[in-house]
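User: Please take a close look at one part of this model, the salt bridges of a single helix and what they connect to. Set the result in the context of the whole chain.

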Amino acid sequence: MRYRTFTEADYPAMQALDLTLQRQDPAFDSLPERERDGRLHTSQPALKFYERSEHSFVAEEGDTLMGFILAQPVWQGDRPLVLVRTVSVRPGAPAETSTGLLHAAVKSAYDTAVYEVHFTLTPDLMDAATSESAVVTGQSAVCHLGTRADTAPGTRLRSVPANPAPGTPEQGA
């Protein structure tokens, strides 16, 4: 699997994947056009914005787009963070696709001296969040980078040993 920043040449494949994923909701095609457009993450202006963000990536295997992550830098008070807007993965893509996409965004954040990556924790991102030692507060997860990871509030996700002892919690404090 290859993870890379995307270009305008990737827009059609990203838009097709986004539409495929939206159509998993059987009611999608019966919605008014304006509502359908509002549910899509890959309008041309949005993709141009995320392409410049430095934190958005595609995953590809051979010539096939397997998924993408759209993220942007934002300021929260006096510090920057990276906010993940969406992670979209092709049905049947390898399980590590989401993990690799989130890792690419986390690495790009760290490389630009941004030490927090925020995202909505979905079942599809649980393994990715665990591999990045994310901290969970409600339905949101934060990857704290550098020394901020040591003092971050919330429940820290951690990898579970292959054969945990009976009664061992899957999340650590």
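Analyst: E35 is partly exposed in this predicted model, with a relative accessibility of 38%. Its side chain meets that of R39 in a salt bridge, 3.3 Å from N to O. Both residues belong to helix 2, and because they are 4 residues apart there, about one helical turn separates them.

R39 also has a salt bridge to the side chain of D25, with an N to O distance of 3.2 Å. Here the partner lies outside the helix: R39 is in helix 2 (residues 33–39), while D25 sits in the loop between helix 1 (11–22) and helix 2, so this pair ties together parts 14 residues apart in sequence. The side chain of R39 thus takes part in a salt bridge with E35 and in another with D25.

The accessibility of these residues can be set side by side. R39 has 29% relative accessibility and counts as partly exposed. D25, at 32%, is partly exposed as well. For E35 the value is 38%. The class applies because partly exposed covers the range between under 20%, which is buried, and over 50%, which is exposed.

A pair elsewhere in the chain offers a contrast in burial. E60 and R4 form a salt bridge, and their closest N and O atoms are 3.0 Å apart. This pair links distant parts of the chain, since E60 belongs to strand 2 (residues 57–61) and R4 to strand 1 (residues 2–4), 56 residues apart. Both E60 and R4 are buried. The two residues also belong to a network of salt bridges that links R2, R4, D10 and E60.

As for the chain as a whole, the count of salt bridges comes to 9. The protein chain has 5 helices and 9 strands. Along the sequence, these elements follow the pattern β-α-α-α-β-β-β-α-β-α-β-β-β-β. Of the 173 residues, 40% are buried. Among contacts between residues at least 6 apart in sequence, 54% join residues at least 24 apart. The E60 and R4 pair, at 56 residues apart, links strand 2 with strand 1, whereas the R39 and D25 pair connects parts 14 residues apart. The chain exposes about 9700 Å², and carbon and sulfur atoms supply 51% of that area.

Key: Residues numbered from 1 in each chain as written. Predicted model: local features only at pLDDT ≥ 70, side-chain atom pairs only at ≥ 80, totals over all residues. Heavy atoms only, no water. Helix = DSSP H or I, 4+ residues; strand = E, 2+ residues; numbered from the N terminus. Buried < 20%, exposed > 50% of the residue type's maximum accessible area, 1.4 Å probe, protein only. Contact = heavy atoms within 4.5 Å. Areas by Shrake-Rupley, 256 points an atom, 1.4 Å probe, with all protein chains shown as cover. Salt bridge = Lys/Arg side-chain N within 4 Å of Asp/Glu carboxyl O.
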